[in-house]
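User: I would like to learn how to read a fold from its coordinates, one feature at a time. Could you take me through the general idea of each feature and then the case at hand?

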Amino acid sequence: ATTEIYTLSLHDALLIWIGGVFGPAQDGIGSTAAERIADSRYTGSATTAEEYIRESILTPSIFIVGGGMSQQSMPSFGHLPAADIDALVYFLSRQY
């Protein structure tokens, strides 16, 4: 349940009062992660989709994909319990 709350509230929730979607869609992030790791601009240390997703949750400033969101738009979620981060990584890595 925690995974769904974080994911939906941050990335796919329609925010009527601002008329749009907050954050990039996470549809297919499990397969997109491999593309991002292969991107020549990528400077992180991840070698798998799971590692990339974990890295993005804990240190989102390592690789800014673009699309109009600034580095300040995505905070680190390192304050979450390890079990919650594990659940997020598990859930997101299976989105194809």
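Analyst: What follows is a reading of a predicted model, going from the overall layout to helix packing, the core and a loop.

User: How many helices and strands does the protein have, and in what order do the elements run from the N terminus on?

Analyst: The usual start is to list the elements and then their order along the chain. Here the protein has four helices and two strands, and from the N terminus on these elements run α-β-β-α-α-α.

User: Which totals describe the protein as a whole, in terms of buried residues and accessible surface?

Analyst: Burial is read from relative accessible area, with values under 20% counting as buried. Of the 96 residues of the protein, 29% count as buried by that criterion, while the accessible surface comes to about 6,000 Å², with 59% of that area belonging to carbon and sulfur atoms. Contacts add a further view: among those in the protein with a separation of 6 or more, 42% are accounted for by residues 24 or more positions apart.

User: At what angle do the axes of helix α2 and helix α3 cross?

Analyst: For a helix pair one reads the approach of the axes together with their crossing angle. The axes of α2, residues 29-38, and α3, residues 49-58, come within 8 Å and cross at roughly 85°. Angles of 65 to 115 degrees count as roughly perpendicular, and therefore α2 is roughly perpendicular to α3. On the α2 side the contact is made by Ile29, Gly30, Ala33, Arg36 and Ile37, and on the α3 side by Ala49, Tyr52 and Ile53. Sorted by class, this contact of α2 with α3 has six nonpolar, one polar and one charged residues.

User: Which residues of α3 are buried, and what do they pack against?

Analyst: Once a helix has been placed, its buried residues can be listed and their partners traced. In α3 the buried residues are Ala49, Tyr52, Ile53, Glu55 and Ile57, and the buried residues of this helix pack against α2 and α4, the latter spanning 82-93.

User: Is Ser56, which lies in helix α3, buried or partly exposed?

Analyst: Ser56 counts as partly exposed, because its relative accessibility is 24%, and values between 20% and 50% fall in that class. Its C-alpha is 9.8 Å from that of Val89, although the two residues are 33 apart in sequence.

User: Which residues of the largest nonpolar core touch the most other members?

Analyst: A core can be read through its membership and then through its best-connected residues. The largest nonpolar core has 15 residues, of which Tyr42, Tyr52, Ile53, Ile57, Leu80, Ile85 and Val89 touch the most other members. The elements giving two or more residues to this core are α2, α3 and α4. For Ile57, leaving out residues up to four places away in sequence, the residues touched are Pro75, Ser76, Phe77, Gly78, Ile85, Leu88 and Val89.

User: Where is Pro75, and which residues is Pro75 in contact with, leaving aside neighbours within four places in sequence?

Analyst: Loop residues can be read in the same manner, by place, accessibility and partners. Pro75 sits in the loop between α3 and α4, and, with those neighbours set aside, is in contact with Ile57 and Pro60. Pro75 is partly exposed, because its relative accessible area is 43%. Ser61 is also found in the loop between α3 and α4 and counts as partly exposed at 45% relative accessibility. The C-alpha atoms of Ser61 and Pro75 are separated by 8.5 Å, the two residues being 14 apart along the chain.

How values were computed. Residues are numbered from 1 along each chain as its sequence is written. This is a predicted model: local features need pLDDT of at least 70, side-chain atom pairs count only at pLDDT 80 or more; totals for chains, interfaces and linings use all residues. Side-chain values use heavy atoms; hydrogens and water are left out. Axes are lines fitted to C-alpha atoms, for helices over the stretch in contact, and angles run from 0 to 180 degrees between N-to-C directions. Angles under 35 degrees count as roughly parallel, over 145 as roughly antiparallel, 65 to 115 as roughly perpendicular and the rest as oblique. Contact means heavy atoms within 4.5 Å. Ala, Val, Leu, Ile, Met, Phe, Trp, Tyr, Cys and Pro count as nonpolar, Asp, Glu, Lys and Arg as charged, and the others, Gly among them, as polar. Buried means under 20% relative accessible area, exposed over 50%, partly exposed in between (1.4 Å probe, protein chains only). Accessible areas come from the Shrake-Rupley method with a 1.4 Å probe; for residues, only the protein chains shown count as cover. A nonpolar core is a set of buried Ala, Val, Leu, Ile, Met, Phe, Trp, Tyr and Cys residues joined through side-chain atoms within 4.5 Å.
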